[in-house]
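Work through the exercises below with the sequence and the coordinates open. Each task is followed by a stepwise solution.

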Amino acid sequence: MLKTDKVTIKFGGLTAVNEVSVHIKPNQITGLIGPNGAGKTTFFNCISGVYTPNSGKVMFQGKEIQGSKPYQINKLGITRTYQNINLFRKMTVQENVLVGMHSRLKSNYLTDMFHIPSQQREEKEAYAKAYEWLKFVGLEPYAKDQTGSLSYGKQRLLEIVRGLASDPKLILLDEPAAGMNSQEKLELDELLQRILKLGVTILMVEHDMKLVMNVCHEIYVLAEGKLLAHGTPEEVQNNPDVITAYLGGE
Ligand SMILES: Nc1ncnc2c1ncn2[C@@H]1O[C@H](COP(=O)(O)OP(=O)(O)OP(=O)(O)O)[C@@H](O)[C@H]1O
Ligand SMILES: [Mg+2]
């Protein structure tokens with residue numbers, strides 16, 4: 001589904017991502033783990049078009065996408081969430097989902113301007129669809145609430161569902177469990193399975209090892225910008241290099 005070939009990005013003297021090659025297979029959950037500052041978020045930024053790598057290729061369904069703009073990459077079928085939640089806090093919960101759906105709606109600024117019937121119909125349908133999406137993550141009781149009033153864990157769910165509403169083939173989740181309580185983490189585990197059933201492939205950065213080891217089919221480990229290990233959860237857990245990277249030497 002997604003392949004990277006020696007993706008490298010530098011910030012001044014720092015090589016934040018250093019020749020990272022991964023192969024994300026369809027219909028499974030792939031984990032991307034590593035200590036703080038390893039380059040995980042920067043790697044996501046290279047895939048989603050926030051950054052253009054200095055060298056290397058990003059291939060999505062056989063097509064090179066490095067250097068494309070984020071909206072173009074989203075149109076091709078990749079969506080993402082952000083480590084530091086990135087929602088419109090003053091909008092309602094439902095409106096945030098509508099924003100996610102926007103790339104799939106037909107209306108353009110002309111029909112917006114005249115508010116023609118076909119657009120009114122589309123708008124009504126879009127609200128209904130957004131409500132259905134909220135049900136998918138159990139947020140429909142909050143549809144009309146201001147987004148900023150939601151708990152941290154619920155905002156994380158909203159970000160995920162806003163991404164799903166753009167009808168992606170691949171979703172990149174940057175620390176979805178951060179700030180969630182233990183009950184919410186259990187529900188997240190189950191939600192990830194339902195996302196897979198929608199036919200959406202998942203690439204997930206996550207520090208919660210219990211969740212990672214539970215849900216991931218395959219894991220890549222980054223440390224100081226470089227790929228350190230790759231394998232099944234069991235292989236990665238027992239890899240001495242990985243243990244050293246996390247525990248620092250001993
Ligand atoms: N725009 C930028 N300019 C300069 N340095 C950057 C920039 N973005 C990231 N970095 C640096 O690149 C390195 C990797 O950062 P990144 O945020 O990708 O790490 P991470 O693996 O996501 O860490 P964490 O687990 O803490 O989220 C860090 O040293 C960071 O300071
Ligand atoms: Mg990060």
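**Exercise 1. Classify glutamate 19: buried, partly exposed or exposed?**

Step 1. Take the cut-offs: a residue is buried with 20 or more other C-beta atoms within 10 Å of its own, exposed with 12 or fewer, and partly exposed in between, with C-beta atoms placed from the backbone.
Step 2. Glutamate 19 has 15 other C-beta atoms within 10 Å, so it is partly exposed.
Step 3. Locate it: glutamate 19 sits in strand β2. Helices (H or I, at least four residues) and strands (E, at least two) are DSSP runs, numbered from the N terminus.
Step 4. Check the backbone. The phi of glutamate 19 is positive, about 50 degrees, although the residue is not a glycine. Most residues other than glycine have a negative phi.

The model is predicted: local features need pLDDT of at least 70, side-chain atom pairs count only at pLDDT 80 or more, and totals for chains, interfaces and linings use all residues. Residues are numbered from 1 along each chain as its sequence is written, while chains are lettered from A and ligands numbered from 1 in the order in which they are written.

**Exercise 2. Repeat the analysis for aspartate 167.**

Step 1. Find the residue in the loop between α6 (152-164) and β8 (170-174).
Step 2. Read phi: about 60 degrees, positive, and aspartate 167 is not a glycine.
Step 3. Count neighbours. Aspartate 167 has 15 other C-beta atoms within 10 Å, so it is partly exposed.

**Exercise 3. Describe the shell around ligand 1.**

Step 1. List residues whose C-beta atom, placed from the backbone, lies within 6 Å of the ligand. They are Phe11, Leu14, Ala16, Gly34, Asn36, Gly37, Ala38, Gly39, Lys40, Thr41, Thr42 and Gln83.
Step 2. Assign elements. β2 (14-20) and α1 (40-48) each supply at least two residues. α1 gives the most, with 3 residues.
Step 3. Sort by class. Ala, Val, Leu, Ile, Met, Phe, Trp, Tyr, Cys and Pro count as nonpolar, Asp, Glu, Lys and Arg as charged, and the others, Gly among them, as polar. The shell has 4 nonpolar, 7 polar and 1 charged.

**Exercise 4. Where does the largest nonpolar core lie?**

Step 1. Define it: buried Ala, Val, Leu, Ile, Met, Phe, Trp, Tyr and Cys residues joined through C-beta atoms within 7 Å.
Step 2. The largest core has 63 residues, and Phe43, Val161 and Ile202 have the most contacts inside it.
Step 3. α6 provides the largest share of this core, 5 residues.
Step 4. Domain 1 (1-77 + 168-250) and domain 2 (88-167) both give residues, so the core lies between them. These bounds come from an automatic or database domain assignment.
Step 5. Inspect phenylalanine 43. Leaving aside neighbours within four places in sequence, phenylalanine 43 is in contact (C-beta atoms, placed from the backbone, within 7 Å) with Val7, Val17, Val20, Leu32 and Leu222.

**Exercise 5. Test the length and burial of α6.**

Step 1. The expected span is 1.5 Å times one less than the number of residues.
Step 2. For the 13 residues of α6 that gives 18 Å; the end C-alpha atoms are 19 Å apart, which agrees.
Step 3. 10 of the 13 residues of α6 are buried, so the helix is largely enclosed by the rest of the structure. Among them are Leu157, Ile160 and Val161.
Step 4. The cover includes β7 (78-80), α3 (93-101), α5 (117-136), β8 and α7.

Key: Two residues are in contact if their C-beta atoms, placed from the backbone, lie within 7 Å.
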